[in-house]
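The following note sets out points on the architecture for a colleague's consideration. Please read each point alongside the model.

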Amino acid sequence: MSFDSESGSQVPTESPARFLRPEVLQSKRYTAGLTIDEIKERYNLQRVVKLASNENPLGASPLVVNRLRERADMVFRYPHSSTPRLAKALAAHLGVAVERLVLGNGSDELIDLLIRVRCRPGGEHGGDEVLACRPCFSMYQLQAKLCGVAFRQVPLEADFSIPWQGLLDTVTERTALIFLTSPDNPTGYTATAAQLEAFARALPEHCLLVVDEAYIDFVRDQAAHSLLSRLADGKELQNVVLLRTFSKLYGLAGLRLGYGVFPAWLADYLWRVRLPFSVNLMAEEAGLAALEDQAFVQASLETTWEGLAYLEQELGLLGCTVWPSQANFLLMTPPAGGPTAQELFEGLLRRGVIVRPLASSGLPDHLRVSVGNPEENRLFLQELATLLAKGSPKA
Ligand SMILES: *Cc1c(COP(=O)(O)O)cnc(C)c1O
């Protein structure tokens, strides 16, 4: 999904909607993919395998599910506005001061908050700017545009690595925030901590570097790829924010729980602006239980790593190109001469396997496939092999 400022619906001149903010008039609804039930009904299928949203193939921890059941009768209470129990548990888990943490309704909320707290709107020709790579996670652009903040992009290098110099060359006195995603979605590319630190130190003082680490939990050597340890051990980088989520490894996507590690001076302002209670009671309980169940975390990691290696190997045997990934998904292109990525996406959908096409991210030849459980991975490969053997429907 992408934001296209040209495609906002035309508002008839007499409509009362014409009084709304122009950014709102130009916006579109977020188009999430079809749900499993919608696909079952549309194609008359019994089983559907969803490998499209990078969810945990083991589901949620049984400890989480039990805790939610136990606490269900508490939902008449308001949650504590600043989620102190979870903030404390997270601070201990990460080894950072609790003053540096802000929790949100998914890390999506923190992306929005950062833009609203830091960026002065002014459209294309004034005000602050947000900078990111192309392609990148759609939320950065959606929220920037909605806030009336200019959004600039620098293309990824041909191997999908980060264009460090290109980004630095694009920074101006208007550049307020730079969003990098590492491991990257959808490419899987992962920067090193040394690269990120050198980049952060090269930025002018007014520029905040936001590293979206939604997938960092899947990286084996985290010290080598995250700035977290460099934020924690006193060598304070005052212009770095790390965003993380319980949606992926912890399997809580449906509860909406994310957090960020901020310089303490900045965290305080985010708490002031954040809607109270945006992390609900059940999400806080679930987050606490999820942190306690490290056995489930370990099992999830092993399932992901084994599945990633298996998919990489089998896709290679089918002639697909697979990009190296440290996340819980991989980026692939089908072999030349056969069905296109879009044809495969549609063929897989009819056969009950949902993967993610990337044309809207400017990668029309690529597909993104989340790692499933062993059975889901096998079904995906089986249906893909059948489609590849049949050749292009248009040929
Ligand atoms: C999944 C994802 C997130 C997490 O979003 P939540 O709002 O926490 O569910 C953030 N950034 C990227 C790049 C993602 O892929």
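1. In the pairing of E7 with E8, Leu-242 has Val-261 of E8 as its bridge partner. The two strands run in the antiparallel sense and are joined over 4 bridges. Val-261 also serves as the bridge partner of Leu-101, and E2 and strand E8 (residues 258-261) likewise pair in the antiparallel sense over 4 bridges. It should be kept in mind that the model is predicted.

2. On its other pairing, E7 is parallel to E6, again over 4 bridges. Here Val-210 has Val-241 in E7 as its bridge partner. Strand E7 is mostly covered, with 6 of its 6 residues buried. Val-240, Leu-242 and Arg-244 point one way from E7, whereas Val-241, Leu-243 and Thr-245 point the other way, and all are buried. Arg-244 is thus listed among the buried residues of this strand.

3. These pairings belong to an open sheet of 7 strands, in the order E2-E8-E7-E6-E5-E3-E4, with mixed pairing. The edges are occupied by strand E2 (101-104) and strand E4 (150-155); each has a single partner strand, so one side of each is left without a neighbour in the sheet. Direction ignored, neighbouring strands of this sheet are turned by 25 degrees against each other on average. As a general matter, strands of a sheet pair through backbone hydrogen bonds, either parallel or antiparallel.

4. Two helices deserve comment in relation to this sheet. Helix H6 (residues 138-146) lies across strand E3 (129-134), E4, strand E5 (175-181) and strand E6 (208-212), and runs at about 155 degrees to E4. Helix H10 (residues 264-273) packs on the sheet and touches E2, E6 and strand E7 (240-245), its direction making about 30 degrees with that of E2.

5. Is Ala-176 buried or exposed? Ala-176 is placed in strand E5 and counts as buried, at 0% relative accessibility. Leaving aside neighbours within four places in sequence, Ala-176 is in contact with Arg-118, Cys-119, Asp-128, Glu-129, His-206, Cys-207 and Leu-208. The C-alpha atoms of Ala-176 and Glu-205 are separated by 9.6 Å, the two residues being 29 residues apart along the chain.

6. Ala-202 offers a second case. This residue is in helix H8 (residues 193-202) and is partly exposed, with a relative accessible area of 42%. Ala-202 and Val-241 are 39 residues apart in sequence, and their C-alpha atoms are 15 Å apart in space. Val-241 itself is buried in E7.

7. A further open sheet consists of 4 strands in the order E9-E10-E13-E12, with antiparallel pairing. Its edge strands are strand E9 (321-322) and strand E12 (356-357), each of which pairs on one side only. Between E9 and strand E10 (residues 329-333), which run antiparallel, there are 2 bridges. Val-322 stands opposite Met-332 in E10. Helix H12 packs on this sheet, touching E9, E10 and strand E13 (367-370), and its direction makes about 10 degrees with that of E10.

8. H12 also packs against a second helix. The axes of helix H12 (residues 294-317) and helix H14 (residues 374-390) come within 11 Å and cross at roughly 15 degrees; H12 and H14 are therefore roughly parallel to each other. The crossing is right-handed. On the H12 side the contact involves Gly-307, Tyr-310, Leu-311, Glu-314 and Leu-315, which meet Asn-377, Arg-378, Phe-380, Leu-381 and Leu-384 in H14. By class, the residues of this contact divide into 6 nonpolar, 2 polar and 2 charged.

9. Another helix pair is formed by helix H3 (residues 62-71) and helix H11 (residues 281-292), which pack at an angle of about 145 degrees with their axes 8 Å apart. H3 passes H11 in a right-handed crossing. Leu-63, Val-64, Arg-67, Leu-68 and Arg-71 of H3 make the contact with Met-282, Glu-285, Ala-286, Ala-289, Ala-290 and Glu-292 of H11. The contact of H3 with H11 has 7 nonpolar, no polar and 4 charged residues.

Technical notes
Residues are numbered from 1 along each chain as its sequence is written. This is a predicted model: local features need pLDDT of at least 70, side-chain atom pairs count only at pLDDT 80 or more; totals for chains, interfaces and linings use all residues. Side-chain values use heavy atoms; hydrogens and water are left out. Axes are lines fitted to C-alpha atoms, for helices over the stretch in contact, and angles run from 0 to 180 degrees between N-to-C directions. Angles under 35 degrees count as roughly parallel, over 145 as roughly antiparallel, 65 to 115 as roughly perpendicular and the rest as oblique. A crossing is left-handed if the near helix is turned anticlockwise from the far one by less than a right angle, and right-handed if clockwise. Contact means heavy atoms within 4.5 Å. Ala, Val, Leu, Ile, Met, Phe, Trp, Tyr, Cys and Pro count as nonpolar, Asp, Glu, Lys and Arg as charged, and the others, Gly among them, as polar. Two strands pair if DSSP finds at least two bridges between them. Buried means under 20% relative accessible area, exposed over 50%, partly exposed in between (1.4 Å probe, protein chains only).
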